[in-house]
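Reader: Hey, got a minute to walk me through this one? I'd like to get a feel for it before I set anything up.

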Amino acid sequence: MSDRKIPNVLPEGGAPADASRRAFLRTAAAGAAFSGLAGCGVDLEDVFRSHFKELSKDELAKVLAKVEEKNRKRFGRETKVGAEGPIPGVEFGYGLDISRCVGCRRCVYACVEENNQSRETPQVHWIRVLEMEKEHGVDLAHAELYYEAEGVPRPGKFYFPVQCQQCRKPPCVKVCPTQATWKEADGIVVVDYDWCIGCRCCMSGCPYGARYFNWADGVLPAGELNPNQHYLGNRPRPKGVVEKCTFCIQRTRNGRYPACVEVCPVGARKFGNLLDPESEIRRVMETKRVYVFKEELATHPQFYFFYAT
Amino acid sequence: MSGILGFLKTCVRLVLTGGRAYKAWVAFLLVMIGVGAVAYSKQLDVGLIATNMRDEVSWAFYIGNFTFLVGVAAAAVLLVIPAYVYHWKPIKEVAVLGELLAISALVMCLLFILVDMGRPDRLHHILPLLGTPNWPNSLLAWDALVLNLYLVVNLTLVVYLLYTSYQGKGYDKRIFVPLVLLSIPIAISTHTVTAFLYNGMAARPYWNASILAPRFIASAFCSGPAVMIILFQVLRKTNDLEIKDEAIWKIAELMSYAMFLNLFLLGAELFKEFYSATEHLHYTEYLWLGIGEHRALVPYAWFSLFCSVAAFLLFLVPKTRKNYVTLNLGCLLIWAGVYIEKGMGLIIPGMTPDTLGQIYEYTPTIIEWGIAAGVFGTGFLVFTLLVKVSVPILLGTFRAGPQEGAAAPAAPAGLAAH
């Protein structure tokens, strides 16, 4: 119970950093109406926190330290939780070569390990590989997600992996009632797991089935925890909130490839900076013909499919 | 101030006294609420995994009930419009009962949203000033606004009317009429905004049809008044409340027109889907015919259609409309028909197959049924208590005495039997 301290409704040193009416109201309400909640195990400091984008540098540092503290308590391990912002001049783009993908699902499990998804009841996969029939082309009515095969690729089939398309016009962001999800300057659509109310509007709005709900507390053995975490990315999620692919924000903002790109055994996955004419993704777009998934919905994905051979 | 205190005190006294049937009914509702509380505490403990919702079908039973009840709440206007705009006598005395129904339905709506939330502890994030509502983009943010506004307007109206009646004064038209007029567009807007919540999702072709909002309104004008017709008969028998037959028949007639419109719009939708038979047909197919072995909703869909058509005919023919046996049967049929159509029949096919073409067949768990029982119990209890207080006040059998109600009558006439 020692972690449930009386909330510090005003930051040390006087006025709140964002000295707004909202902050004042939060403070007043914290003192009054909800004081009884403290006894029920609700952390008031979380309840009356500001929106992520309104946090001052000091407040953000406190929030990050708190996530690390929670990790320590839950997993007994030291973690590094960052909140690196978008790099100026960088806009991420992703390319997926349908003619190369063999449907091995290595990307699915590399993603799970990298991003600290729940391992069971239910398993959460941010990448879903659909097995499709060559006869039908990209046709969801003839797609099989739960294919079980001795070996892949199977004759007559091809494979179509789907993850967050990082839309330029993301319907999920539009429908979110609390601004708990938004698109960053580098194109990554993120969720603040501490702001999401779990209404699941975004899941109804997403045409790609790319958002996942924490129906229960995630099952994640301490030994499998990835300690390099991003606040808007792969830190362990609480139950009752929505999560999604972030192009491995904790990696890509530090100049690394997403885990799925790195693990792909056939090189079907390409990634890079759309604003850099020399990047891999730009080269794909120059030399191949790309298309986007469900283009009729005008979501304008930053995720391109192509057939290289 | 002592007037208000006396008013409140007598309200409490009214609620606590009543006949055996009344007490048994309230006890039954309390049991339902208890069941709901136990089920909800279980859900809070383990998470929404206690339901059968999953990532494929991420809205289901709770949201279906919510949608149906928004219709019931909005339908109060069916009584208010003719009663106040046209000064049409027979309905005027009873329109306030429609508002009581709206209040109770709204309570249930808000509770169903609350139990569906993954993080109810963060509810304030949607509120202005305390949180960061995503205006004007998010329809759910708008829905929260209009539903609460409708609740506040209805509560204000009812409390004002009851309080002035209690004091034996007439109501002030300058306050009352504008509020009543205001409640009409808000009622329509609650239902429209709720329809838009689904309608606006391009990812879900089953919902992404312009006919959705008009169908919402049409079916709401059936389900809401069906409750009122039954209620009027109960109140007529147990109280001196004078509700003329012609008022009830008039409502039934309006319902038959609304049901015709509802069925016509349904037909228009089915024609478009089946004739053009694009890939968007899958959702409609899932509801009406099933896809392969996945047929969970099919019997319900046809049962709902049967109920709606039968009720339409019963209400259309003057002879069956004016016969209380067939009239009440029609009300029950409408409830069943619209409950299926606007509940599970709207939400589940919207998400089956899911956006990647996969089929997960949803049926509610015991926990979901338990929580729904608790919410309905709460709503019915609110409605029962509101009616219990309102009827004697409206009848004038329950008024502030010379000592401001200090010596209130023990039990209003007729209510003992209620």
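**Chat about the model**

Author: Sure, and keep in mind that this is a predicted model. Let me start with Ala73(B): apart from neighbours within four places in sequence, Ala73(B) is in contact with Ala102(B), Ala105(B), Leu106(B), Cys109(B), Tyr150(B) and Thr190(B).

Reader: Ok, and which residues have the most contacts inside the largest nonpolar core?

Author: Ala73(B) is one of them, along with Ala60(B), Leu69(B), Leu101(B), Cys109(B) and Phe112(B). That core has 193 residues.

Reader: Which helix gives the most to this core?

Author: Helix α6 of chain B, residues 95-116, with 15 residues. As a general point, nonpolar side chains in soluble globular proteins tend to be buried together.

Reader: Zooming out, how many helices and strands are there in chain B?

Author: Chain B has 16 helices and zero strands. Its radius of gyration is 22 Å, close to the 22 Å from the globule rule for 418 residues, so chain B is as compact as a globular protein of that length.

Reader: What box do the C-alpha atoms fill? And what share of chain B is buried?

Author: Along the principal axes, the C-alpha atoms of chain B fill roughly 70 × 55 × 40 Å. Buried residues make up 48% of the 418 residues. Also, of the contacts in chain B with a separation of 6 or more, 79% are between residues 24 or more positions apart.

Reader: Switching to α12(B). How far does that helix reach?

Author: Helix α12 of chain B covers residues 298-316, which is 19 residues, and spans 27 Å from first C-alpha to last, close to the 27 Å expected. Its buried residues are Ala301(B), Ser304(B), Cys307(B), Ser308(B), Ala311(B), Phe312(B), Leu314(B) and Phe315(B).

Reader: Why do those buried residues line one face?

Author: Looking down the axis of α12(B), they fall within an arc of 165°, so they line one face of the helix. An α-helix has 3.6 residues a turn, so residues three or four places apart point the same way.

Reader: What covers them?

Author: The cover for the buried residues of α12(B) includes α10, α11, α13, α14 and α15 of chain B.

Reader: New topic: the A–B contact. How many residues does each chain put in?

Author: Chain A puts in 45 residues and chain B 38 residues. On the chain A side, α1, β3, α5, α6 and β7 each supply at least two residues, and α1(A) gives the most, with five residues. The side of chain A that touches chain B divides into 29 nonpolar, eight polar and eight charged residues.

Reader: Before I go, backbone oddities. Which peptide bonds in chain B are cis?

Author: The bond from Trp135(B) to Pro136(B) is cis, with omega near 0°, and Pro136(B) is in the loop between α6 and α7 of chain B. Another cis bond joins Thr352(B) and Pro353(B), with omega about -5°. Pro353(B) is in the loop between α15 and α16 of chain B.

Reader: And what about phi at Gln179(A)? Is that residue buried or exposed?

Author: Phi of Gln179(A) is near 55°, a positive value in a residue other than glycine. Gln179(A) is in the loop between α5 and β5 of chain A and is buried, with 22 other C-beta atoms within 10 Å.

Reader: Ala298(A), buried or exposed?

Author: Ala298(A) is exposed, with 12 other C-beta atoms within 10 Å. Ala298(A) also has a positive phi, about 55°, and is in the loop between β11 and β12 of chain A. For background, most residues other than glycine have a negative phi, and most peptide bonds are trans.

How values were computed. Residues numbered from 1 in each chain as written. Chains lettered and ligands numbered in written order. Predicted model: local features only at pLDDT ≥ 70, side-chain atom pairs only at ≥ 80, totals over all residues. Helix = DSSP H or I, 4+ residues; strand = E, 2+ residues; numbered from the N terminus. Expected span 1.5 Å × (residues − 1). Buried ≥ 20, exposed ≤ 12 C-beta atoms within 10 Å, placed from the backbone. Arc of directions from axis to C-beta. Contact = placed C-beta atoms within 7 Å. Nonpolar A, V, L, I, M, F, W, Y, C, P; charged D, E, K, R; others polar. Rg over C-alpha atoms; globule rule 2.2 N^0.38 Å. Core = buried A, V, L, I, M, F, W, Y, C linked by C-beta atoms within 7 Å.
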